[in-house]
Amino acid sequence: MKWRDHVETTDVSCRACGGESSTFGQESPDEQTYPARLEARLNAAGIPAEVINAGFPAYVSLGIRNLIRHELIHDQPDLIFIYTGFNDLNPFVHEQHKPT
């Protein structure tokens, strides 16, 4: 599930995955993204869990940090996984997301 499509419940733990297009699952069905697979594995192991996919294509580390600090934190996840770094090495993407 993509971020903000989740259903809030109190009987499950909440995990969040922040990152770039590889977290978002660009060109992949939702169920094939690593956050969706993580959720499925946790639930199959008897661990009731909801995993929020907070990946965004073309984000760099700064954008992901801001997403966590200003948006994702309001969902109060128990644990946040961060997968980033590739876009920080791409000068074209990095130039678009420079802090002002």
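How many disulfides does the count come to? Keep that in mind as you click through.

**Before you start**

This is a predicted model: local features need pLDDT of at least 70, side-chain atom pairs count only at pLDDT 80 or more, and totals for chains, interfaces and linings use all residues. Residues are numbered from 1 along each chain as its sequence is written, and side-chain values use heavy atoms, with hydrogens and water left out.

**Stop 1: the whole chain**

Show the cartoon. You will find 4 helices and 3 strands. Both are DSSP runs, numbered from the N terminus: helices are H or I with at least four residues, strands are E with at least two. Trace the chain from the N terminus, and the order reads β-α-α-β-α-β-α.

Now switch on the surface. Its accessible area is about 6,300 Å², and carbon and sulfur atoms hold 54% of that. Such areas come from the Shrake-Rupley method with a 1.4 Å probe; for residues, only the protein chains shown count as cover. Of the 100 residues, 34% count as buried. Buried means under 20% relative accessible area, exposed means over 50%, and partly exposed is in between.

**Stop 2: the nonpolar core**

Select Cys14, Ala16, Ile52, Ala54, Ile64, Leu67, Ile68 and Leu72. These 8 residues form the largest nonpolar core. A nonpolar core is a set of buried Ala, Val, Leu, Ile, Met, Phe, Trp, Tyr and Cys residues joined through side-chain atoms within 4.5 Å. Colour β1 (13-19), β2 (49-55) and α3 (61-70): each gives two or more residues to this core. The largest share, 3 residues, comes from α3. In soluble globular proteins, nonpolar side chains tend to be buried together.

**Stop 3: Ile68**

Zoom in on Ile68, in helix α3. Is Ile68 buried or exposed? Ile68 counts as buried because its relative accessibility is 15%. Look for its contacts, meaning heavy atoms within 4.5 Å. Beyond its neighbours within four places in sequence, Ile68 touches Ile73, Ile80 and Ile82. Next, draw a line from its C-alpha atom to that of Ala16. The two atoms are 9.5 Å apart, while the residues are 52 positions apart along the chain.

**Stop 4: the cysteines**

Select Cys14 and Cys17. Back to the opening question: the count comes to 0 disulfides. A disulfide here is a pair of cysteine sulfur atoms within 2.5 Å. Why is Cys17 not bonded to Cys14? The sulfur of Cys17 is 9.8 Å from that of Cys14, its closest cysteine sulfur, so the gap is too far for a bond. Cys14 counts as buried, at 10% relative accessibility. Cys17 is buried too, with a relative accessible area of 0%.

Definitions and conventions. Buried < 20%, exposed > 50% of the residue type's maximum accessible area, 1.4 Å probe, protein only.
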